[in-house]
There are 2 protein chains.
Amino acid sequence: MPRIVKHPELRRAELLDCAQALFLARGYDHASLNDVIAEAGVSKGAFYHYYPSKEALLEALADRFAQAALAQVKDVLDDPDIDALTRLNAFMTRSRQHKIETAAEGWALFEALFRPENLVLFHRINTAAVTLFTPALARIIAQGVKEGTFKTFDPEGVADMLLQLGAATHGIVARAIAGDSKAEWDAAIRALERRIKLYEVALDRILGLRDGSIRLTERGYVRAVMTARRQAGAGQISKRTRRANVTGNS
Amino acid sequence: MPRIVKHPELRRAELLDCAQALFLARGYDHASLNDVIAEAGVSKGAFYHYYPSKEALLEALADRFAQAALAQVKDVLDDPDIDALTRLNAFMTRSRQHKIETAAEGWALFEALFRPENLVLFHRINTAAVTLFTPALARIIAQGVKEGTFKTFDPEGVADMLLQLGAATHGIVARAIAGDSKAEWDAAIRALERRIKLYEVALDRILGLRDGSIRLTERGYVRAVMTARRQAGAGQISKRTRRANVTGNS
């Protein structure tokens, strides 16, 4: 059979699919780069050409996840017939739905980012996501300013600020994951719910809107996303063999 | 001469003084832990007992800096006769004055924190500072809520949020430092000024105050703090010998 030369983007996507499947099955920590390479059935050299490290794979997966999330809200962003507040709320609702739908997968792939030893990687991935989402959010806010309903001198700054505040919940999520007991877990969920509620009112006011105008959360949302994590984790644990030298859970 | 056994806290403070003097003279990157130990005139074992790494020294110095900054506002926090808005503005004014006064020293000691390879250390130090300042700021906000002038359901959350937003300027400061040209420098100062202005209005509104109630910045403040950095850097460079193997500036 002749060797088929694939388009680099196609090859890249295939390798990512392969890594994703393996990370989902075993968990990011329990699959080595060599496992991924073996599963992909390519030479090490070929693989390293695309993804020089396991971290690079996770960054690429995170980018694909973020791109998919943005694609989910594209029609909301492009609809020419809705005002800014409707668009902003639709954007948030759709993002929440997408997050709940992909939560189990997301946790299985990215939970490692909430451990102390991966803080740098978390921030690198977060910066990329903020950079991707800021223009979309800024455009909605600028529309509101133009319509006279939102009051701010800096739509892009508000967009960036809101996305940064999202990342500022990293510590709360990390504590939730690190804690083992049901009580710690519930406390972390309550802390997250309270914080998102605060952001909700904060965003209303920062944009000069009445309290309750923007919906960043709804009853049960945080719990739904966080619970998906435990299911994702349980699924993996039944399949994987714990390797003491790669876990490093703290 | 008999060996004098010093109180551990006193010994600890002396070692910190010694490290601070050396870091100020040569810059954090250009002084090794061995240099500090030699300068302190103690055994390695004794030194490691107190500070097991150069990072531990920098963390302790940062903690001392933060404690000193908090001490500077103690009378503002304790004054029983002022309302919450007056107290909050006095707190911010005093903090700004202190920051300008200590800016050259602060840059010389902590500039390294704004380089990518020290991101984890930056976050660890920032978390400690946020933890130290949150109760003071939360108490002021709670006073305002009690007085009926501030409107929020979560004084501690607002305090934490504001301090987190301070850390979110890390990227802008890092870009300012990484940039070499006057134009990049000026652009970074303008970006910082604009961002603090945004935080100022945001904080007003988050607390249900009229725009312009709280002063987080004033004309020339950002430039004064940032300019102190260049002076601090120039002072060090004239004294130190560059060591290629420890710089790693990027």
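This is a short tour of chain A, from the whole chain down to one residue. Keep in mind that the model is predicted.

**Stop 1: the whole chain**

Select chain A and colour by secondary structure. You should find 13 helices and zero strands. Follow the chain from the N terminus, and each element you meet is an α element. The radius of gyration of chain A is 20 Å, close to the 18 Å that the globule rule gives for 250 residues, so the chain is as compact as a globular protein of that length. Now turn the C-alpha trace. Along its principal axes it spans about 65 × 50 × 25 Å.

**Stop 2: inside and outside**

Stay on chain A and show the surface. The chain exposes about 12,600 Å². Carbon and sulfur atoms supply 55% of that area. Of the 250 residues, 49% count as buried.

Next, think about contacts. Take those in chain A with a separation of 6 or more: 69% of them join residues 24 or more positions apart.

Then colour the charges. Chain A has 35 positive and 30 negative ones. Their mean positions are 4 Å apart.

**Stop 3: Asp154(A)**

Select helix H8 (119–147) and helix H9 (155–167) of chain A. Asp154(A) lies in the loop between them.

Is Asp154(A) buried or exposed? Its relative accessibility is 5%, under the 20% cut-off, so Asp154(A) counts as buried.

Show the side chain of Asp154(A) and add Gly157(A). The side chain reaches the backbone nitrogen of Gly157(A) at 2.9 Å.

Finally, bring in chain B. Leaving out residues up to four places away in sequence, Asp154(A) touches Arg194(B) and Leu198(B).

Definitions and conventions
Residues numbered from 1 in each chain as written. Chains lettered and ligands numbered in written order. Predicted model: local features only at pLDDT ≥ 70, side-chain atom pairs only at ≥ 80, totals over all residues. Heavy atoms only, no water. Helix = DSSP H or I, 4+ residues; strand = E, 2+ residues; numbered from the N terminus. Rg over C-alpha atoms; globule rule 2.2 N^0.38 Å. Buried < 20%, exposed > 50% of the residue type's maximum accessible area, 1.4 Å probe, protein only. Contact = heavy atoms within 4.5 Å. Areas by Shrake-Rupley, 256 points an atom, 1.4 Å probe, with all protein chains shown as cover. Lys, Arg positive; Asp, Glu negative; His and termini not counted. Charge placed at Lys NZ, Arg CZ, Asp CG, Glu CD. Polar contact = N/O pair within 3.5 Å; in protein donor to acceptor, adjacent residues only side chain to side chain.
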